[in-house]
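Reader: Please take one part of this structure and go through it closely. I would like the strand pairing, the core and any charged contacts treated together.

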Amino acid sequence: MSLLKLPSNKILAVHLQHCVDVRNATSGEVNMSSASNITWECQLRKKSFPVSPSVWIQGIVVNFQNPGSTALIDDGTGIIVLPNCDSIASKIAIKKGMYVMAVGALQSGGPHPVIKPIKLQDLSDDVQAETMWPLEVFDQIKYLNG
């Protein structure tokens, strides 16, 4: 199934830092060419919940490296790496200090999670976006995980 057809989990960097590839951890055999085949799970403080291979993050651009077009996004709970930002269809002129939304494929968890972006959007003009984001994430986690 295409990653574009999957619903995206709204998620924070702190959750992504504790994500593990469950299928890879148990069987050791994962087809890395297809992100939709990877099963992720956030294991944080005695709780765990499944995470879709497609994730939605929001945060402030703290660094943008060009060439390589890698953006570092800070959502207030940690730094998320977005490589190859120039290769996506929805091109925006990324600048340090922008508040952005990114949807993409979770590539790895750990201290600096990596998401391969498929959509970027500038939310800098939305004055409530940054304030509401953590509440939206917690609401979705609570709703999806009872």
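Author: **Strand β5 and its surroundings**

The chain has a mean pLDDT of 83, and 82% of its residues reach 70 or more; pLDDT is the predictor's confidence in each residue, from 0 to 100. This is a predicted model, in which local features need pLDDT of at least 70, side-chain atom pairs count only at pLDDT 80 or more, and totals for chains, interfaces and linings use all residues. Residues are numbered from 1 along each chain as its sequence is written, and side-chain values use heavy atoms, with hydrogens and water left out.

Among the elements of the chain, strand β7 (residues 79-82) has the highest mean pLDDT, 96, and helix α2 (residues 22-27) the lowest, 63. Helices (H or I, at least four residues) and strands (E, at least two) are DSSP runs, numbered from the N terminus. Over residues 27-36 pLDDT stays under 50.

The part to look at is strand β5, residues 54-65. Two strands pair if DSSP finds at least two bridges between them. With β1, β5 pairs in the parallel sense over two bridges, and Asn 9 stands opposite Val 55. With β8, the pairing is antiparallel over seven bridges; there Trp 56 has Val 103 as its bridge partner. Strand β6 (residues 70-74) also runs antiparallel to β5, joined by five bridges, and Phe 64 faces Ala 71 in that strand.

Next, the core. A nonpolar core is a set of buried Ala, Val, Leu, Ile, Met, Phe, Trp, Tyr and Cys residues joined through side-chain atoms within 4.5 Å. The largest one has 35 residues, and Ile 57 is among those with the most contacts inside it, along with Leu 16, Val 51, Leu 82 and Ile 115. Strand β8 (residues 99-108) gives the most to this core, six residues. Leaving aside neighbours within four places in sequence, Ile 57 is in contact (heavy atoms within 4.5 Å) with residues including Ile 11, Leu 16, Val 100, Ile 115 and Trp 133.

β1 also takes part in a charged contact. The structure holds one salt bridge, meaning a side-chain nitrogen of Lys or Arg within 4 Å of a carboxyl oxygen of Asp or Glu. Glu 136 forms it with Lys 10, the closest N and O atoms being 2.9 Å apart. Glu 136 lies in helix α3 (residues 129-144) and Lys 10 in β1 (residues 9-10), so the pair ties together parts 126 residues apart in sequence. Lys 10 is buried, at 18% relative accessible area, whereas Glu 136, at 28%, is partly exposed. Buried means under 20%, exposed over 50% and partly exposed in between (1.4 Å probe, protein chains only).
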